[in-house]
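Q: Got a model loaded here. Can we walk through it together?
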Amino acid sequence: MGAMTPPAPAAFDRQGEQDDTARIDAAIGSFVREFGVTASLHLESCVRCGLCADACHFRISTGDPKYTPIRKLEPLRRAYLHEVSPFAPLLRAFGLAKRPTIEDLQEWQELLYDSCTMCGRCTTACPMGIDIAELVKVSRHGMFKAGLVPERLALMDRTARQWGSTATPGEDLPDILAEVAAEHGVTIPCDLGRADILVTAAPAELGEHTKSLADAAKILNRIGARWTMHSAGFDASNIGFNNGDLELQERLTRSLIDTAVKIGATTVLLPECGHAYGAARWEAAKWYGQALPVRIIHMTEFLDELLADGRIRVHPIGETATFHDPCQIVRRGGLEAAARRVLAALGFELRELQDHGTAGFCCGGGGGVVSNQRAAPLRHKVFELKRLQVEATGAKRFVTSCGQCRITLEMGAQHASWNKRTESLLELVADNLAH
Amino acid sequence: MTLLEFARGPGLYASLAVFVAGTLWRLAGILMRPRLPDLSPAREGAPSRLAGALQANLRAMWPRPEFLPGARFIAINGYVFHLGLALVFFGYAPHIAFVERLTGFGWPALPDPVMYASASITIIALLMALAMRINDPVRRRISIADDYITWTITFLPFITGMAVAGEPSDAILARKHLLYEGPLAVHLLTLELLLIWFPFGKLMHAVLFAFSRGATGVRFSHRGVQ
């Protein structure tokens, strides 16, 4: 019999100088603050049927049961039982509930950050309706408080806390936009005192995806919109939402809404970014404690409305295409039909992936996993699921409506030496605008 | 006081008290946790909260098509033992007589052969569920003590019930004196154990499932997710 190789220790990083007890207390304190009715119901209802395992791209592509989604909630569940569950005093008295230890939290860092994109496919598989993805987000809030976040994400967090964006400080935005405008031959207004639409960006659009930003400008200028970008609030991707940094999430959200209000905008236009949609469209109002004074709209919805109203028209492309549904926009955002109407307007013959719409597999990079370098091997395994489904359609074009998905899929394609390009729905519309 | 007298008297009432009080305590403890209203504007055309909750409850009755290949066996097996449990409890004549003695309410019984078949199939389904939990790497990994305790406590009334169902229902009910006092007492005690355990373990999902599914239905119907 050969020598047994001990399993590699789980990867984890630590931030700050807190001792272990303080980290545990910080994590549990954060968990407890979020044990509302829905979270409690969901933590109480699991029957350990394991059906979520067959929904998770990380579990499927590795075959490793440790990635079973409900298992990722174990520290949260234990904290719930120990601290606030209806029988908590009884469980504590008899020693039947144990708080998570520092070793647990460190081990679970990989499960909560490297191998979960909060895509919510597991939520749709659960016969009890447990929103596992949302509870992973709650877990991340505690992990952030405990200073137990992958260092790459923590670095981005520190950058965003300082700059208001992971891409650039606000004061550099006018120069960047001027460069993008010159490069692509469009006008990009910045820091106007009054506008109807505040246009926001994902960090990639200020770097490798500048064409998307220029294309948004092209369409907005075509319809004669009164719009602007603004150095006081421009990055919609919201790294705080992904990392579990609630303070940062609130700050970044407020920067968008407050800026829109300041310039009299009635609409905040979000870029092709999934988590921007989750953070702004569905969570922004909670920071204000009331309905928002502005409308928040995703680029795909915007294009859909412009096409439906006849404010823009497009030349039909007339080829076959398949579409990757970004999880936060479709499965957790409800915009399944809008993208398909835009694709139809572009004259594509849509060949759906085997798993599409709310059933679609995540790109593997959501929830910050795309930025978390140490998760790259896992991400590449997940990419294979998508690649096989795309190839099975036989479609000529491969389209999506999220920049982060595009980056993830492009990285996966490069790693797999796959020559299929992932195209942006926005860019396709802009490239085929009819006069 | 004989064991049967205890099981039919103080044991039964104590277990019912724990069942009712424990279930209400756990449910109230959950439902009284803080609520955070969703202040985001609903998707145009989104159903009401109630409709969203009901739709989610109905949708979760059967796995979505994309999950069906992996979920079919678990779903069918689950239905078999849930329906089997209900049939045997509510359809077997001696059980109905037992409830009638307690509450005054009775209803027509199902034929004995149906009951024997239901009990047998349920026992097989429960054994298959246990085998899957032990043998499947995912289920084994996520299982906790509650799963095995609950399985045992659910299984015991079936086995002990089989031991006292040696005669047709009519004959059992017609007797003035019980033939199997000891086994019947044990059978009743296993039921009482189940009642006592119910609020503390995952049997509580029988109450919580509707709330849990409903909460998710409200969240996502608000967003226009189909």
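Q: How many helices and strands does chain B have?
A: Chain B of this predicted model has eleven helices and zero strands. Helices (H or I, at least four residues) and strands (E, at least two) are DSSP runs, numbered from the N terminus.

Q: What's the numbering, and what gets filtered by confidence?
A: Residues count from 1 along each chain as its sequence is written, chains are lettered from A and ligands numbered from 1 in the order written. As the model is predicted, local features need pLDDT of at least 70 and side-chain atom pairs 80 or more, while totals for chains, interfaces and linings use all residues.

Q: What does chain B span along its principal axes?
A: Its C-alpha trace spans about 70 × 40 × 35 Å.

Q: And how much of chain B is buried?
A: Buried residues are 29% of its 226. Buried means 20 or more other C-beta atoms within 10 Å of the residue's own, with C-beta atoms placed from the backbone.

Q: Switching to cores. How many residues has the largest nonpolar one?
A: It has 141. Such a core is a set of buried Ala, Val, Leu, Ile, Met, Phe, Trp, Tyr and Cys residues joined through C-beta atoms within 7 Å. Cys52(A), Ile132(A), Leu198(A), Leu270(A) and Ala280(A) have the most contacts inside it.

Q: Which helix gives the most to this core?
A: Helix α8 of chain A, residues 132-145, with seven residues.

Q: What is Ile132(A) in contact with, leaving aside neighbours within four places?
A: Its partners include Cys52(A), Pro69(A), Leu73(A) and Cys126(A). Contact means C-beta atoms, placed from the backbone, within 7 Å.

Q: Back to Leu198(A). What is its bridge partner in β2(A)?
A: Thr228(A). Two bridges join β1(A), residues 197-199, to β2(A), and the two run parallel. At least two DSSP bridges are needed for strands to pair.

Q: What order do the strands take in that sheet?
A: β2-β1-β3-β4 in chain A, an open sheet with parallel pairing. β2 (227-228) and β4 (295-298) are at the edges with a single partner strand each, so one side of each has no neighbour in the sheet.

Q: Now α9(A). Which of its residues are buried?
A: Leu153(A), Met156(A), Asp157(A) and Ala160(A). Seen down the axis, they fall within an arc of 105 degrees (taken from the directions from the helix axis to the C-beta atoms), so they line one face of the helix.

Q: What covers them?
A: The cover includes α6 (102-114), α12 (239-243) and α13 (246-262) of chain A.

Q: What follows α9(A)?
A: Gly164(A), with a positive phi near 80 degrees.

Note on methods. A residue is buried if 20 or more other C-beta atoms lie within 10 Å of its own, exposed if 12 or fewer, and partly exposed in between; C-beta atoms are placed from the backbone. Two residues are in contact if their C-beta atoms, placed from the backbone, lie within 7 Å.
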